[in-house]
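Biologist: Please take a close look at the largest nonpolar core. Which residues have the most contacts inside it, and which elements give it two or more residues?

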Amino acid sequence: SEHKEFRYPKRLAYLSLLLALVFLSAPFALSTASTMQFGAWLMLGSLSLCIVMTSAYWYLYSLVIDGENIGISAFRDQRFLVSEIVAVNVSVGRGARYVVVKFVNGTELTAPNYLTGFNELVELLRVKAKLAAPVWES
């Protein structure tokens, strides 16, 4: 049973955490921290929290293909069976390529090309599901 894991690059998570730190420290660096209103702090804190949560997601995300199982985990775990795949396509959207995996029950799994080994992921899914690449991708 082959075990292969695909993740976001760790530097992506680290860089976004650095961005959150810059947002939070900017008022102190500009000496405006003492004059900022509560609403401004709330907005700045909310934005920083969103960045930190996105960073945590990128850090924790893992797509694992292990034998006949596909597992995705970050904040919650999802499991799929390779035998239930009916299509594996690559589409372009939001400035990136995405693999779209369709299952028998209509569920779709998507993963962006930011994952390390993206091309290997697409090929492995197709091989395991015994599917050929669509003509427009050849």
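**The core and its setting**

Modeller: Start with the surface: the protein exposes about 8600 Å², and carbon and sulfur atoms supply 62% of that area. Accessible areas come from the Shrake-Rupley method with a 1.4 Å probe; for residues, only the protein chains shown count as cover. This is a predicted model, in which local features need pLDDT of at least 70 and side-chain atom pairs count only at pLDDT 80 or more, while totals for chains, interfaces and linings use all residues. Residues are numbered from 1 along each chain as its sequence is written, and side-chain values use heavy atoms, leaving out hydrogens and water.

Next, the layout. The protein has 3 helices and 7 strands. These are DSSP runs numbered from the N terminus: helices are H or I with at least four residues, strands E with at least two. Along the sequence the pattern reads β-α-α-β-β-β-β-β-β-α. The radius of gyration, taken over C-alpha atoms, is 20 Å. The globule rule (2.2 Å times the number of residues to the power 0.38) gives 14 Å for 138 residues, so the protein is more spread out than a compact globule. Its C-alpha trace spans about 65 × 30 × 25 Å along the principal axes.

Now the core. Of the 138 residues, 33% are buried, meaning under 20% relative accessible area (1.4 Å probe, protein chains only). A nonpolar core is a set of buried Ala, Val, Leu, Ile, Met, Phe, Trp, Tyr and Cys residues joined through side-chain atoms within 4.5 Å. The largest one holds 24 residues, and L63, I70, I85, V99, L121 and L125 have the most contacts inside it. Two or more residues come from each of strand 2, strand 3 (69-73), strand 5 (85-93), strand 6 (96-103), strand 7 (108-112) and helix 3 (118-129). Helix 3 gives the largest share, 6 residues.

Look closer at I85. Leaving aside residues up to four places away in sequence, I85 touches I70, V101, K102, F103, L125, A129 and L131. Contact means heavy atoms within 4.5 Å. Across the protein, 49% of contacts between residues at least 6 apart in sequence join residues at least 24 apart.

Strand 2 also has a place in a sheet. Strand 2 (residues 62-66) runs antiparallel to strand 1, joined by 4 bridges; two strands pair if DSSP finds at least two bridges between them. K4 stands opposite I65 in strand 2.

Definitions and conventions:
Buried means under 20% relative accessible area, exposed over 50%, partly exposed in between (1.4 Å probe, protein chains only).
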